[in-house]
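Got your viewer open and a selection tool ready? Let's walk through this one stop by stop.

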Amino acid sequence: MTTVSPSVEVERKTPFLKRLERVSWTWVVTIVYLTVMLLIPISAMFLKAATEPPSRFWAIATSDIALATYNVTFFTAIFAALLNGVFGTLIAWVLVRYDFPLKRLIDATVDLPFALPTSVAGLTLATVYSDNGWIGSLLAPLGIKVAFTRTGVAVAMIFISLPFIVRTVQPVLQEMEHEIEEASWCLGASQWQTFWKVILPPLFPTILTGVALGFSRAVGEYGSTVIISSNTPYQDLIAPVLIFQRLEQYDYSGATVIGIVLLSISLVLLLAINFLQAWARRYDTR
């Protein structure tokens, strides 16, 4: 039996130790922080959901009420994100390209959903869009009801996700060179052709980033939607509220299962958006 001297063992460990010494402290802090704040909680959620038998897991995830909440949550969030993708880009364009009175005030107002507590936002929207509210009273004679309906959920999601699109697109618009647009005009292109073929292609990946951020924010929204909606199953009940209802019933495993499904669907949709971003960037570099 051969024995390894301590000096030889140290020599064998030296390359590994040298690699560890080369690791920057910023990498160490990043890995530790992500592990504590992201990986461990997600792993704990998956482990909690794994305590349910597969048949029970599938029954909870595909129950009628769960499928209805997925429908309300994801389709409404996608609608809100796409709508903000259009109007958020338009707002960013106006804030960057035009000077007008109270511009700074309006620019600061865009960030209001960031600072405003979501419960306050929901209470404000429910008051404004109720049948007796400033806007709801105008829509009621037309047979349009917003508060305590699925439309109210969409309004809340649009409100809280709008700043993500505006603040994502705005810096890119500020960095764009006006000379390229002027060259397009000199070559005989119209303003619409210049926007569609010159401005939009490099801006499109950024718009997708803002849409992805807005969608993620809308899917996880709870405080404002729980107030402006009636939380009626099969009508305007969203998945985060259903999770909270399960927790109130001490059904922790059921709440975790729905959370896992919510997380998985969101991850798939975000990966699809990231794929579109990568495709748009490759297309733009051709």
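Start by selecting Leu 173 and showing its neighbors. Leaving aside residues up to four places away in sequence, Leu 173 touches Ala 92, Trp 93, Val 96, Arg 97 and Leu 203. Keep in mind as you click around that this is a predicted model.

Now widen the view. Leu 173 belongs to the largest nonpolar core, which has 45 residues. Add Tyr 70, Val 169 and Leu 203 to your selection: together with Leu 173, these touch the most other members of that core. Which elements give two or more residues to this core? Color α3 (54-61), α4 (64-97), α9, α11 (191-219), α13 (239-248) and α14 (252-285), and you have them. If you want to linger on one, pick α4, which gives the most, eleven residues.

Next, hop to another core, lying apart from that one and made of eight residues. Leu 125, Ala 147, Val 155 and Ala 156 are among them.

Some of those names come back at the last stop. Select helix α7 (residues 118-129) and helix α9 (residues 150-175) and look at how they cross: their axes come within 11 Å, at roughly 130°. That angle falls outside the ranges for roughly parallel, antiparallel or perpendicular, so α7 and α9 count as oblique to each other. The crossing is right-handed.

Show side chains where the two helices meet. On α7, pick Ala 121, Leu 125 and Tyr 129; on α9, pick Val 155, Ala 156 and Phe 159. What kinds of residue make up this contact of α7 with α9, nonpolar, polar or charged? Six are nonpolar, with no polar and no charged ones.

Notes: Residues are numbered from 1 along each chain as its sequence is written. This is a predicted model: local features need pLDDT of at least 70, side-chain atom pairs count only at pLDDT 80 or more; totals for chains, interfaces and linings use all residues. Side-chain values use heavy atoms; hydrogens and water are left out. Axes are lines fitted to C-alpha atoms, for helices over the stretch in contact, and angles run from 0 to 180 degrees between N-to-C directions. Helices (H or I, at least four residues) and strands (E, at least two) are DSSP runs, numbered from the N terminus. Angles under 35 degrees count as roughly parallel, over 145 as roughly antiparallel, 65 to 115 as roughly perpendicular and the rest as oblique. A crossing is left-handed if the near helix is turned anticlockwise from the far one by less than a right angle, and right-handed if clockwise. Contact means heavy atoms within 4.5 Å. Ala, Val, Leu, Ile, Met, Phe, Trp, Tyr, Cys and Pro count as nonpolar, Asp, Glu, Lys and Arg as charged, and the others, Gly among them, as polar. A nonpolar core is a set of buried Ala, Val, Leu, Ile, Met, Phe, Trp, Tyr and Cys residues joined through side-chain atoms within 4.5 Å. Buried means under 20% relative accessible area, exposed over 50%, partly exposed in between (1.4 Å probe, protein chains only).
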